[in-house]
Each structure stands twice: as structure tokens, then as C-alpha cells.
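Grab your viewer and work through these exercises on salt bridges, burial and helix packing. Each task comes with a worked solution, so try it yourself before reading on.

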Protein chains: 2
Amino acid sequence: MIYKIAVKDARYKLDGNAGSDAIHRDPVYSYAVTQLADDSGITGTGFAFTLGEGNDLVCKAAEYYAQKLVGKDIEETMADFGTLFKQLSDDQQFRWLGPHKGVVHLALASVTNACYDLWAKKKGLPLWKLLADLSPEAVVNTLDFSYLEDALTKEQAIVLLTEQQAGKATRGGILKTGYPGYDTSVGWFNYSDEKVRENCKKAIVAGFTAMKLKVGSADPERDIRRAHIVREVAGADVKVMLDANQQWNLPDAISICKKLTDVNPYWIEEPTHPDDVLAHRKLAREIAPVKLALGEHVPNKVIFKNYLQAEAAAFVQVDAVRVGGVSEFLTVSLLCKKFGIPVVPHVGDMGQLHQHLVLFNHIAMGHEALFLEHIPHLQKHFVHPANVKNGVYETPQEAGSSCELIGITI
Amino acid sequence: MIYKIAVKDARYKLDGNAGSDAIHRDPVYSYAVTQLADDSGITGTGFAFTLGEGNDLVCKAAEYYAQKLVGKDIEETMADFGTLFKQLSDDQQFRWLGPHKGVVHLALASVTNACYDLWAKKKGLPLWKLLADLSPEAVVNTLDFSYLEDALTKEQAIVLLTEQQAGKATRGGILKTGYPGYDTSVGWFNYSDEKVRENCKKAIVAGFTAMKLKVGSADPERDIRRAHIVREVAGADVKVMLDANQQWNLPDAISICKKLTDVNPYWIEEPTHPDDVLAHRKLAREIAPVKLALGEHVPNKVIFKNYLQAEAAAFVQVDAVRVGGVSEFLTVSLLCKKFGIPVVPHVGDMGQLHQHLVLFNHIAMGHEALFLEHIPHLQKHFVHPANVKNGVYETPQEAGSSCELIGITI
């Protein structure tokens, strides 16, 4: 039984322009951390990700949700978590602050993630293993399909997972080889051209075959020059992703993306406003076969459904510490599977939680094991930091979701 | 010069099931109130609207924005408010909690509205008059057109307003007749059938020619029965609006809306999830000529643009205390004018602020003077309560935006 809760505001300054992009010149990677203490002596930890200012608001909202879990048994709770998730996200007064977006939804993510962590720890299993061993019905019972009925019902989701059962053993081979990573840190926005060039070389040596550059400069020529640097150092076979962090309006995006075609980007990420489904659809059509990726600022499953229905995103970067937690991440992953679109999470968690989720998505849902973003900047703060070697995430073996932070105790 | 700011959490319990709808069974009408004290002795008041829980979070976020106004001259600020609005809404750390939605955007609404109020009070004019007398350029300088460029640029907005200049004098006739109202309070969700019937009769006697019923029950038969009661009492000529408060998924919405066609609704409001642009498009096509209205849960101009581009809403209910304040309300109103869609605000402000804005929309923007929602439940709390007689809002004459609340002082 959960007998005590605590929510902590954890903020981590970054060194030397790491984390900078076209919008965020001085980010402070921050977690609103929920801890659920169980009377078995086990504590579940989950968090949502922000960039500093206002992280306290998320903590305050998370306390409101977490209080409702006191007295509950975690296994009983997770047996029908989808219903609880809907109840909490539709809290009649609180939902007016969203619904299903912004501070309140980030707070729900923090609490939801703590529930999944506690569940796995009580089972003594890494989260990927707990999830992969569940029946399709048990997985789906942790999810909420409200407002998705025109695209995917609960019953259809069970069928989808059931169809994938046969291939699970084969796809489980990834547990030995590890899940491929890609390097986001070669080209933060504030890095000099020289540093970008040097980082690309280092990434290649470290075994990465995919890497990302931040673009979205007020001067498109800077973007184009730097993209060519990365392509030149990386060679033709490496996947190069370009991330504009929402800096372009639609007319500018069309024009600049066409100019970036030369460097053969694997995707162009967040070209414009994250709420603008129809602008992304138009852009995707204009610049095909160049593909778009987005998701770190898409707050919920309903908007992801719209992106998928509009064929506006070729890669979905849903993030379990940015939508309503693991539950909504899995729901969106099922939607993507239905639409045949790969899930390549944004990692506000630095990959700690997502290393579990992409293994599950591959093994049990049949998603392609493409690659998972790798950002090393907070490694020293985690009790069990993700282990990325030769460009590959080693499969985590500790019980839970690998989200415990050093010094954050209930 | 603004020398002091204060943000207050004002909550008002409602009596006897007033305010109840399909989601909100026990709402507490609440305002996050920003006050800006000017060294001329004048104080500007603005607010955002919530339903209770979490109103303190909006207040906390509003303080963050309001602090940035200390030391500024209000007239200089409003001469280029569009730039400031963009800066505040794109605050590099804070925007991660949105962007442009949820708690942080409501907070921006509160602060923005206080700016417009202070501006009008310093000019000694009711807000409608201040705005109506501005040049098209001066109006547009208070707005932010970012991410709208594919639908409406700043330059196009100036042209649009300039074209409407010639008809201003004629349309100004509305100042004498008053702006028509409609009665939202005949059919709150928890009211009994008898009370609904009685309220309809009262509304007719009070001079209203349009009224709204809350639907979205778990039992569609209840909705249909009550809709017929309203139509029967109101007669064929009164406009009857049905409000489902997001309770239906798309398949259910299609089925129930078709059954409600019999009562000839003037519109069906918020049939499904407010983020689901494509579901509304599909529904609108399926149930035509019955029309859809929505907007109270649409947080920003980008999503409104999507609704307009998708031809998914026939009436736009943008609310200046729910989007980013008066500035974004006017931007969305311009977008609607471009697309030929009427603006019929939701009134989280109980019509206090919107009585000014609809007059401006009609006189200077050429929007049809359809009608403005009327909710009387908080009248006694306002210093200058809106005066609705014979179903018509009398034109406010006091300086400012009529948003001062009794007992809320800096």
C-alpha cells in the first residue's frame, strides 16, 4: 500500500552551451520528481521534464494528483490504471487548466511514471521486462483510449498486440545486442562551427551512425553551412537529423527545408509551431521525400492522432516525461503502429525511462528498433545511468524504470 | 509608470447547481487577478478564468510575467504590445510548460488583460472606445501574428481593418441599441427538467431570443428529451444552442448529433475533445447543415487557425480570459473575419470584458453583431456589473474594461 508521497523540484545547470537550441539559449534541465513510498519498503520514482522556470508549478500540481494515490495498492491500481488515468486527467476543476496539456498534464506524467516504477520494483523486474511479459489485455488495461475511437479502440489494440505475440521471441534478440542510440549532442545551437566539426568526429569514433544538428537560426545561411559541415565529416552513410525547434513559420519552413535537401537529412525536426497540424501536413507534402519528425511539444494522444491522420509526421517523437507518462506513451505508440509510423522518442529523461519503453515497443508491439536519442549531460545524477557503449544502449537489468536520482529521497 | 504589481486568487462558490455541465459537476468560478499599479494613481485589472483547483498555479505564473512590467510606461508598452506579447509567450524556459497553452498561457492572459485595462483607464475611455478609435496600424501593433503567416500576415490585417473604416460610423449605431445577449443559464446540467422548463419561460419573458441547454449526458435520451423541452417552450423562432462540453467521442457524436437535428439547434457546442481538429471536421461534414461551435478550450491562435482552415467550426467562441488575453482574442477575431466565420465569445469573464470586445469586433472589424453569452452568476462581485436589459447588453461607459472586482485591491 502507498502510505506516503513526496514531490521534489530537481534542477540541474548544464555546462558550456550544452542543451542550447534555437529557442532555449540557457536551459536548466529540471525534473518534477514524484516519489511514492509503499509499506513494503519500496519507493517508486517518476518525473516530468521542464527547462527550469515553472518546474515548481508542475511539482505543486503533481502533489495534487499524488495525494489521491495514498492508501492504494499498486498492483490493484495498475490492473486498471487506464480508468484511473482517465479519472485524474478529467478531474473536473483541474482539467480546466488543460485539458490534457501544460502544467497539469506534466504533473500527471510525473505521478503516472512513479506508479509504473513502483509496480516494476515490487515485481522485482526491469520495466521493459514487466511490460513485455504482460498479456495484451493487461497492457491495454493500463491505457486510456478515450477520444481515439475513430482511429483505434481498446479492442483493436488488444488484437494488434496479440498479432505481435508470435514474433516476440525473435525480436527479443535485441536484449543481447542492445538498442541503437543516436548522438544529439554534436551540434547544440550555441556551439561554434569548429566544435560541431570536432564533436562529429568524436561521435563517429564513439560508434554512432546517426547524429543531430540544431538549426533554426535567424540566418538560414548559418544553418545551411553547419548542416554541410556535419554531412562532410559524417560521410554519406551516417544519418543526419536537423532540428529547428519550431523557429520557422510555414512559408519560411518551406523555403529553408528545400535548401537543406542537399545535405540529405534523415529528418527535419520541429520545423514550426507544434500545435500546427495542418502546416506540417502542407510542409510534408511540399518537401517530400524529405521527412518530418516531431513530438516533444505535442502534449497528448489526441493531437498525435491528428498528426497521424493528417500524414504530417514521418517519425513520432513522443516523450513519456512530456505526455501523460508511460501510459499515454504506450497509447501513442500503439496508434503509431496502427498508422505504420516509427516511434523515436525525444528523451527528456536522458533515455533512462525510454530505454525500457523502446525495448517493449520493439519486442511486444513490433515497432522497428530504429534508434534512441542519447544525451549524456545528466548521467552523473542518476543512480543507474543508462549505459551507452559503441553507440548502443545496453539493456538495463535493475528493477524499475531507472529513474532514481541521486540525493532525491522521500 | 507601473511601479507595483499584485496577483490575487479570487474564488466564488456558485449556488444550487448553477454552472454545472457534463464534465463540471461542482465548479468554483475563479479568477487569477493581476493588478498593475501606475504611479499616476490608476490601477489596471485583468484576469484569467478557471474552475477552482489550480487557480493558485495560474496566479504564481502570472506573477512571473507581471514582474517584467514593473518600470514600464503603459502607453509606450501598448504602442508595440505585439512584440512584448511574443517575448513573454516565448520565454525560453517558461514556454516549455506550454507553449502557448495551459497554466502559463492563462497567466499571460491575466497580465495582458490588466495592460489593456490600465491603458484604457489612463486614456479615460471604455476599452471598446479606445480600440475603436485606434488606427488599423495601432490596433495591429498590439497583436502577434507569429505562425499565422500562411493565413493572415500583419500587413493583410491592416488592409482588412482599413477596408472596414468606411462602415464604422454606421455600425456604431449599435452603441445606442446595445449588443444582443443570449441566456446560457436556462439549462445547466444538474437542473431538473422542470427547472429547465421554468427557466426557458423566464428567459423569454426577459427578452432573450436565444438560449442554451447543457447536453452530453451518459444517457443520450436525457439530452434529447431536454432539448425537446427547450424547443417546445421557446417556440420555433428562438435560437436554441446545445452544449455537450466534450463528452462524446467521434462515433457517438455523429450518432447523437443526428438525433438532435429534430430540435433544429442553432449550433451544437463542444461535441468532442477540443484538440481534435480533424474529428470536428469529420463531424461537421456528417451533420451539415447543423453547425458546430467551439473555442472555450482552444488555447491559442495557431489551433484556431487549424479549425478555420479545416472548416471544422461554424462559430468561434474564443474567450479573452482563456487564450492569451485581449491581444490574442483580437488576433483570432481577425483570422475569423478573414475566413468569414462569426465570433461569439465564451464568457469566462461573465461578459464584463467581452461586452467591450464584441462592440469593437462589430464596429471596427465588421463582424456581425450576433449575440453575446450572458451568465449572471457573479454580477454582485463586479464594481461595474454588465447591464443586461430586455436581452440586450447596455453599452458600458466607465473607463477601462469593466473587470474590477469588489474587495480585490492592490
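**Exercise 1.** Classify B:Lys86 as buried, partly exposed or exposed, then find its salt-bridge partner.

*Solution.* Start with accessibility: this is a predicted model, and in it B:Lys86 has a relative accessibility of 32%. Buried needs under 20% and exposed needs over 50%, so B:Lys86 lands in the partly exposed class. Next, look for a carboxyl oxygen within 4 Å of the side-chain nitrogen. B:Asp90 supplies one, with an N to O distance of 3.2 Å.

**Exercise 2.** How far apart are the closest N and O atoms of A:Asp91 and A:Lys68, and where in the chain does each residue sit?

*Solution.* Step one is the distance: the closest N and O atoms are 3.7 Å apart, and the pair forms a salt bridge. Step two is location. A:Asp91 sits in the loop between helix H3 (81-89) and helix H4 (102-123) of chain A, while A:Lys68 sits in the loop between helix H1 (55-67) and helix H2 (74-79) of chain A. The two are 23 residues apart, and their pairing links distant parts of the chain. Step three is burial: A:Asp91 has a relative accessible area of 11%, so it counts as buried. A:Lys68 comes out at 36%, so this one is partly exposed.

**Exercise 3.** Do the same job for A:Arg197 and A:Glu232.

*Solution.* Distance first again: 3.2 Å between the closest N and O atoms, and a salt bridge is formed. A:Arg197 belongs to helix H10 (residues 193-205) of chain A and A:Glu232 to helix H11 (residues 220-234) of chain A, with their positions 35 residues apart. Now accessibility: A:Arg197 is partly exposed at 29%, whereas A:Glu232 is exposed at 57%.

Zooming out, a search of the whole structure turns up 48 salt bridges over all chains. Some join up: A:Asp9, A:Arg11, A:Asp56 and B:Lys60 are linked in a network.

**Exercise 4.** Which residues does A:Asp193 touch once its neighbours within four places in sequence are set aside?

*Solution.* Place the residue: A:Asp193 is in helix H10 of chain A. Check its burial: the relative accessible area is 16%, so A:Asp193 is buried. Then list the contacts, which are A:Arg225, A:Arg226 and A:Ile229. For context, an unreviewed UniProt entry lists residues 193-290 of chain A as "domain: Mandelate racemase/muconate lactonizing enzyme C-terminal". That span is 51% helix and 13% strand, and its end C-alpha atoms lie 24 Å apart.

**Exercise 5.** Work out what surrounds A:Arg25.

*Solution.* A:Arg25 is in the loop between strand S1 (2-13) and strand S2 (28-38) of chain A. With a relative accessible area of 44%, A:Arg25 is partly exposed. Beyond its neighbours within four places in sequence, A:Arg25 contacts A:Ser20, A:Phe189, A:Asn190 and B:Gln92. A:Trp188 is 163 residues away in sequence, yet the C-alpha to C-alpha distance from A:Arg25 is 9.8 Å.

**Exercise 6.** Describe how helix H15 (residues 325-339) of chain B packs with helix H16 (residues 354-363) of chain B.

*Solution.* Take the geometry first: the axes come within 11 Å and cross at roughly 35 degrees. The crossing of H15(B) past H16(B) is right-handed. H15(B) contributes B:Val326, B:Phe329, B:Leu330 and B:Ser333 to the contact, and H16(B) contributes B:His354, B:Leu357, B:Phe360 and B:Asn361. Finally, sort them by type: five are nonpolar, three are polar and none is charged.

Notes: Residues are numbered from 1 along each chain as its sequence is written. Chains are lettered from A and ligands numbered from 1 in the order in which they are written. This is a predicted model: local features need pLDDT of at least 70, side-chain atom pairs count only at pLDDT 80 or more; totals for chains, interfaces and linings use all residues. Side-chain values use heavy atoms; hydrogens and water are left out. Axes are lines fitted to C-alpha atoms, for helices over the stretch in contact, and angles run from 0 to 180 degrees between N-to-C directions. Helices (H or I, at least four residues) and strands (E, at least two) are DSSP runs, numbered from the N terminus. A crossing is left-handed if the near helix is turned anticlockwise from the far one by less than a right angle, and right-handed if clockwise. Contact means heavy atoms within 4.5 Å. Ala, Val, Leu, Ile, Met, Phe, Trp, Tyr, Cys and Pro count as nonpolar, Asp, Glu, Lys and Arg as charged, and the others, Gly among them, as polar. UniProt positions are given in the numbering used here, feature names are shortened, and annotations may be inferred rather than shown by experiment. Buried means under 20% relative accessible area, exposed over 50%, partly exposed in between (1.4 Å probe, protein chains only).
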